Amino acid sequence: MNIDWTALGEVTAVSIGVTFAVVVVFAFGVLGLARREGAKERGGTSTVGAAQAGLCFLACAAVVAYGIYLIVPQFH
């Protein structure tokens, strides 16, 4: 059995990179929620925080949905 270690390394590097990117984007979404809650405590509103959270969580959901699409063969 001959294993192409270069391809395995590339897949590993890409999966680690994408995972790190999704975690960072999700953290920005949580930061947006915190910004929104902080504004509510001060008696104001933060549409920027809500928009930031919504866009970040939507981006994370899109990446997860695309990953599921790639894994499940019935979707192709």
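I71 is exposed in this predicted model. Its relative accessible area is 69%. The residue belongs to helix 2, which runs over residues 47-71. I71 also contributes to a nonpolar surface patch of about 740 Å². The other contributors to this patch are V64, Y66, I68, Y69, L70 and F75. Nonpolar side chains enter such a patch with over 30% relative accessible area, and I71, at 69%, is therefore over that cut-off.

Helix 2 has the span expected for its length. Its 25 residues, at 1.5 Å a residue, should cover 36 Å. The C-alpha atoms at its two ends are 36 Å apart, so expectation and model agree.

Helix 2 also has a buried set of residues, made up of G49, Q52, A53, C56 and C60. Helix 1 is among the elements that cover these residues. Q52 serves as an example. This residue of helix 2 has a relative accessible area of 18%. Burial requires a value under 20%, so Q52 counts as buried. Beyond its neighbours within four places in sequence, Q52 is in contact with F28, L31, G32 and R35. Helix 1 spans residues 5-41, and these contacts of Q52 carry numbers inside that range.

The loop between helix 1 and helix 2 holds T45. T45 is exposed, at 73% relative accessibility. Along the chain, T45 and L58 are 13 residues apart. Their C-alpha atoms are separated by 21 Å.

Charge pairing was examined next. Side chains of opposite charge can pair when their charged atoms come close. A search of the whole structure returned one salt bridge. This salt bridge joins the side chains of E37 and K40, with an N to O distance of 4.0 Å. Both residues lie in helix 1, three residues apart. An α-helix has 3.6 residues a turn, so residues three or four places apart point the same way. E37 and K40 are accordingly separated by about one helical turn.

Both partners of the salt bridge are partly exposed. E37 has a relative accessible area of 36%. For K40 the value is 47%. Partly exposed residues fall between the 20% and 50% limits, which is why E37 and K40 are classed as neither buried nor exposed.

Terms used
Residues numbered from 1 in each chain as written. Predicted model: local features only at pLDDT ≥ 70, side-chain atom pairs only at ≥ 80, totals over all residues. Heavy atoms only, no water. Patch = residues over 30% accessible without salt bridge, like charges linked within 9 Å, V, L, I, M, F, W, Y side chains within 5 Å. Areas by Shrake-Rupley, 256 points an atom, 1.4 Å probe, with all protein chains shown as cover. Helix = DSSP H or I, 4+ residues; strand = E, 2+ residues; numbered from the N terminus. Buried < 20%, exposed > 50% of the residue type's maximum accessible area, 1.4 Å probe, protein only. Expected span 1.5 Å × (residues − 1). Contact = heavy atoms within 4.5 Å.
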